[in-house]
Amino acid sequence: MLDSRIGRLLDAYPAIYLACHRRHLREDEAGSAITEHQASVLQHLHATRPTTLPRLAEHMGVGRSTMSITVARLTRAGYVASSRDKRDARCVSLTLRPAGVSTR
């Protein structure tokens, strides 16, 4: 027979699991929701020192396509600026915009 405390834990486990694995959100200064992953990406960007998407993806341990989707959303939201290199149009530099600085 199970101890009553173990039985209570097993009964509560689905709720505990969902609480731990839900999509964590936080708000920027305007009250718009951003995910913890997006906030982490913003923390890895700088306002004046650009980086590239492949370098950022490698540093954060995610695929380029995943980082591309995240950066595109952050760019549309006005947190990240992207600019093409004048010498090599394939290379895109990423920097933090003022709105992105305020979310960090």
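Helices (DSSP runs of H or I, at least four residues) and strands (DSSP runs of E, at least two residues) are numbered here from the N terminus. By that convention, threonine 70 has its place in helix H4. The structure is a predicted model, in which local features need pLDDT of at least 70 and side-chain atom pairs count only at pLDDT 80 or more, while totals for chains, interfaces and linings use all residues. Residues are numbered from 1 along each chain as its sequence is written, and side-chain values use heavy atoms, with hydrogens and water left out.

**Exercise 1. Determine how many helices and strands the protein has, and in what order the elements run.**

Step one is the count, which gives 5 helices and 5 strands. Step two is to read the elements from the N terminus on, where they run α-β-β-α-β-α-α-β-β-α. Step three concerns burial, for which a residue counts as buried under 20% relative accessible area, as exposed over 50%, and as partly exposed in between (1.4 Å probe, protein chains only). Of the 104 residues of the protein, 25% count as buried. Step four turns to contacts, meaning heavy atoms within 4.5 Å: among those between residues at least 6 apart in sequence, 42% join residues at least 24 apart.

**Exercise 2. Work out the order of the strands in the open sheet, and which of them are edge strands.**

Begin with the criterion that two strands pair if DSSP finds at least two bridges between them. With this criterion, 3 strands form an open sheet in the order E3-E5-E4, and the pairing is antiparallel. The edge strands are E3 (51-52) and E4 (80-84), each of which pairs on one side only.

Next, take the pairs in turn. E3 and E5 (residues 92-96) are joined in the antiparallel sense over 2 bridges; threonine 51 stands opposite leucine 94 in E5, and threonine 52 stands opposite serine 93 of that strand. E4 and E5, which also run antiparallel, are joined by 5 bridges, and one of the bridge partners is threonine 95 in E5, which faces alanine 81.

Finally, consider the surroundings of E5: because 4 of its 5 residues are buried, E5 is largely enclosed by the rest of the structure.

**Exercise 3. Establish at what angle the axes of H2 and H4 cross, and which residues make the contact.**

First, look at H2 (residues 36-43), whose buried residues are Gln38, Ala39, Val41 and Leu42. These cover an arc of only 155 degrees around the axis (the arc being that of the directions from the helix axis to the C-beta atoms), which puts them on the same side of H2.

Second, compare the axes, which are lines fitted to C-alpha atoms, for helices over the stretch in contact, with angles running from 0 to 180 degrees between N-to-C directions. The axes of H2 and H4 (residues 64-76) come within 10 Å and cross at roughly 85 degrees. H2 is therefore roughly perpendicular to H4, given that 65 to 115 degrees counts as roughly perpendicular, under 35 as roughly parallel, over 145 as roughly antiparallel and the rest as oblique.

Third, list the residues that make the contact: His37, Gln38, Val41 and Leu42 come from H2, and Met67, Thr70, Arg73 and Leu74 from H4. They divide into 4 nonpolar, 3 polar and 1 charged, where Ala, Val, Leu, Ile, Met, Phe, Trp, Tyr, Cys and Pro count as nonpolar, Asp, Glu, Lys and Arg as charged, and the others, Gly among them, as polar.

Fourth, follow two of these residues. Glutamine 38 is buried, with a relative accessible area of 12%, and leaving aside neighbours within four places in sequence, glutamine 38 is in contact with Thr70, Arg73 and Leu74. Threonine 70 counts as buried at 8% relative accessibility, and with the corresponding neighbours left aside, threonine 70 is in contact with His37, Gln38 and Val41. Threonine 70 and glutamine 38 are 32 residues apart in sequence, with 6.6 Å from C-alpha to C-alpha.

**Exercise 4. Identify which residues of helix H3 are buried, and what covers them.**

Start with the buried residues of H3 (residues 53-60), which are Leu53, Leu56 and Ala57. They cover an arc of only 100 degrees around the axis, which puts them on the same side of H3. On the other side of H3, Arg55, Glu58 and His59 are exposed. What covers the buried residues of H3 includes H2, E3, H4 and E5. Lastly, H3 is followed by glycine 61, whose phi is positive, near 75 degrees.
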